[in-house]
Amino acid sequence: MMNRSLSATRFIASPIASVLDFHRRKTALSYALLLPAALTVLLLIVYPLYQIFDISFREGKSMNFARIGQQPFGLDNYRRVLTDPAFWRSTWVSAVYVGGTVFVSFLIGLATSLLLNRDLPGTRLLRTLVLLPWAVPGVIVAIMFLWVMDGSYGVFNSILRDFGWHGGDINWFVDRRTALGTVMLPAIWKTYPLITLTLLAALQSIPKELYEAAEIDGATSVQKFFFITWPGIMGPALLVVMISALGTFRDVDIIFATTNGGPAGATQTLALYVYNEAFQYFRMGTATAVGTMMVAIAFLGTAIMAGMAGKSKF
Amino acid sequence: MTKAKLANLAGLLVMIAFVVITLFPFYWMVMTAIMPTSAILSRAPSLLPDLSRISFTAFVSVFTKSPFLSWMLSSLIVGGASTILSLVVSTLAGYSLSRWNSKPQQALGAALLISKLIPSSLILIPLFIIYSTAGLIDSYLGLVLAHMTIGVPLATWLMKGFFDRIPRELEQAATIDGASQIQALWLVVLPLVKPGLAASTVYLMLTSWSEFIFGRTLITEPTRQVLTVGMQSFVGEQMVDWQLLMAAGTISIVPAIIVFVFLEPFLVSGMTKGALAGT
């Protein structure tokens, strides 16, 4: 009798015990699942990041990469970079490039998402076409624009002439006055689809009842936008602006393939400055010093934006 | 009612005008590839195609006059391998991040976020130094590993988002029925995140296919280069053969566009989720 009830309890208890045990036993599994990613991150991200930091404090030039770690320790690279006019010009170029690209992309993203949200006929096809540029590799985007905006045979100049422009052929990517504005075109082309998509998702999550109630109260469409739509998309908008800004700040593909920083550094962003210092002049010290500052800037910018996004939720 | 209809019509027209303008560079690329050079390299090229003069010879020349095929092959090898590796690593890690939140998970999550702050041109410096000493320059393996520095953070957050939507009770129920935890993951959870796996795969492939600066720096041998690097090398030449370049550009975009058009609905949920969750 005793025995039977005991075995009955055990029969019932064992699955319950295993569920309760779930958490403890699962921790071993949770670590095991994490292991490949942890190894990847340690070997390919954390250790390289430590090396970047280390090299940025190593003074003197060394062509032997294996020996960079044996150079004397000091702030020489930072001193050199901070007194280099090219660095400050690149900082300015980066600010204009990121600010301009993200600002225009955001306006385009906002306009297209509002239009796509209105369920016009053919929205499905239009949405695909609007988002399409996202799938095209940056280098190919760059080459496409290089050709359209070409000084001698570019179709853009030809269209300008058709519209009665007689200012002569502008070599958009080569002219010092137009180069920075022109490299933003392919960057905007590649950046706005993600903004459209994010804002569209945010718009679709705003309850329709809010608009109906506002309509009953006699709100104008401008009022509806500022009191319902804008608060509803503000959080995702800040996030996607942050992501786009980070992406543009880090990207080198488009500028490398169009102007490679020229003419005379007019389009050399910080990311490209890092690349050229390292792989054109082999000055790994100054390159990593600039890079370290870039990561710091990106971190600060992200933290500020994340703070703003966090606040906007309440 | 008619006012609303008019507004919709106006909206539609604006939208169509926008699409025509934004997709024009793409249209012009195809035009340059299929029209005779004399019609395109002119002071006033016709914007509409002359149907009687369309020719596809440039598409053939791409393969005969340049190492295009081997570039494409390189891109496929590197893209395939880095996608599979990143997907396996990220699916496991994404599951762990979704279900547990102790110290190791938090540390990995933080490291994955920080990786999004590092410019490719910067992480390239230590990778280049390590590869130089390890003999990984010019090897596909080296480039695959480099692509994983982008792919793993991206796909881990994406997969975590998809796992988050699967209720934990499913695995608990499966273990009550006698399944081991690994069986529960393999037989119960994974089949439910198939859309997530599909979105991640496409995402990883497109990212690898588009990647340029790693490929350009870590592979120096001309015939082993990836497609984007090969394409860019055309531009550096003294006399750019625009027709050839545009034909090559068209071919290299086609796979990405086909994938995009067919999987767009999949990507739409994944793109916002992955991008937003990732920061």
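These legends go with several close-up views of a predicted model.

**View 1. Confidence across chain B of the predicted model.**
Let's start with how far to trust what we are looking at. The whole model scores ipTM 0.88 and pTM 0.87. In chain B the pLDDT averages 86, and 94% of the residues score at least 70. Among the elements of this chain, the highest mean pLDDT, 94, belongs to helix 12 (residues 213-218) of chain B, while helix 14 (residues 242-277) of chain B has the lowest, 74. Please look with some care at residues 274-279 of chain B, where pLDDT stays under 50. For that stretch the model has 23 contacts beyond four places in sequence.

**View 2. Chain A, a chain of helices.**
Follow chain A from its N terminus and you will meet α-α-α-α-α-α-α-α-α-α-α-α. The count is 12 helices and 0 strands. Of the 314 residues in chain A, 42% are buried. Contacts between residues at least 6 apart in the sequence of chain A include 69% that join residues at least 24 apart.

**View 3. Helix 5 of chain A and its buried residues.**
Here we zoom in on residues 138-148 of chain A, which make up helix 5. How many of the residues of this helix are buried? The number is 11 of 11, so to speak a helix that is mostly covered. Among the buried residues you can pick out A:Gly138, A:Ala142, A:Met144, A:Phe145 and A:Trp147. Also buried are A:Val139, A:Ile140 and A:Val141, along with A:Ile143, A:Leu146 and A:Val148.

**View 4. Where chain B touches chain A.**
This view brings the two chains together. The contact takes 81 residues from chain A and 82 residues from chain B. On the side of chain B that touches chain A, helix 14 of chain B gives the most, with 16 residues. That side of chain B divides into 53 nonpolar, 25 polar and 4 charged residues. Keep in mind, as you look, that helix 14 of chain B also has the lowest mean pLDDT among the elements of its chain.

**View 5. A:Leu115 at the contact with chain B.**
A single residue gives us a closer look at the meeting of the chains. A:Leu115 sits in helix 3 (residues 85-116) of chain A. Is A:Leu115 buried or exposed? It has 21 other C-beta atoms within 10 Å, and therefore A:Leu115 is buried. Setting aside neighbours within four places in sequence, A:Leu115 is in contact with B:Gly11, B:Val14 and B:Met15. By contrast in setting, A:Tyr281 lies 166 residues from A:Leu115 in sequence, and the two C-alpha atoms are 49 Å apart.

**View 6. The two domains of chain B.**
The domain assignment divides chain B into domain 1 (2-55) and domain 2 (67-277). Their C-alpha centres lie 33 Å apart. Domain 1 of chain B brings 5 residues to the contact, and domain 2 of chain B brings 6 residues. Helix 2 (residues 24-34) of chain B gives the most to the domain 1 side, with 4 residues. By class, that side of domain 1 has 3 nonpolar, 2 polar and no charged residues.

**View 7. The bend in helix 8 of chain B.**
Run your eye along helix 8 (residues 140-164) of chain B, and you will find a bend of about 35° at B:Met148. What span should its 25 residues have? At 1.5 Å a residue, they should span 36 Å, and the end C-alpha atoms are 34 Å apart, which agrees. Helix 8 of chain B is mostly covered, with 22 of its 25 residues buried.

**View 8. Two loop residues of chain A with positive phi.**
Our next stop is the loop between helix 10 (253-258) and helix 11 (270-279) of chain A, the place of A:Ala264. Phi of A:Ala264 is near 50°, a positive value in a residue other than glycine. A:Ala264 is exposed because it has 11 other C-beta atoms within 10 Å. A:Phe282 lies in the loop between helix 11 and helix 12 (284-312) of chain A. Its phi is near 55°, again positive in a residue other than glycine. With 13 C-beta neighbours inside 10 Å, A:Phe282 counts as partly exposed.

**View 9. A:Thr302 in helix 12 of chain A.**
We finish in helix 12 of chain A, home to A:Thr302. A:Thr302 counts as partly exposed because it has 19 C-beta neighbours inside 10 Å. From A:Thr302 to A:Phe103 the C-alpha separation is 17 Å, although the two are 199 residues apart along the chain.

Methods: Residues numbered from 1 in each chain as written. Chains lettered and ligands numbered in written order. Predicted model: local features only at pLDDT ≥ 70, side-chain atom pairs only at ≥ 80, totals over all residues. pLDDT = per-residue confidence, 0-100. Contact = placed C-beta atoms within 7 Å. Buried ≥ 20, exposed ≤ 12 C-beta atoms within 10 Å, placed from the backbone. Domains from an automatic or database assignment. Nonpolar A, V, L, I, M, F, W, Y, C, P; charged D, E, K, R; others polar. Expected span 1.5 Å × (residues − 1). Bend = angle between axes of the 7 residues up to and from the residue.
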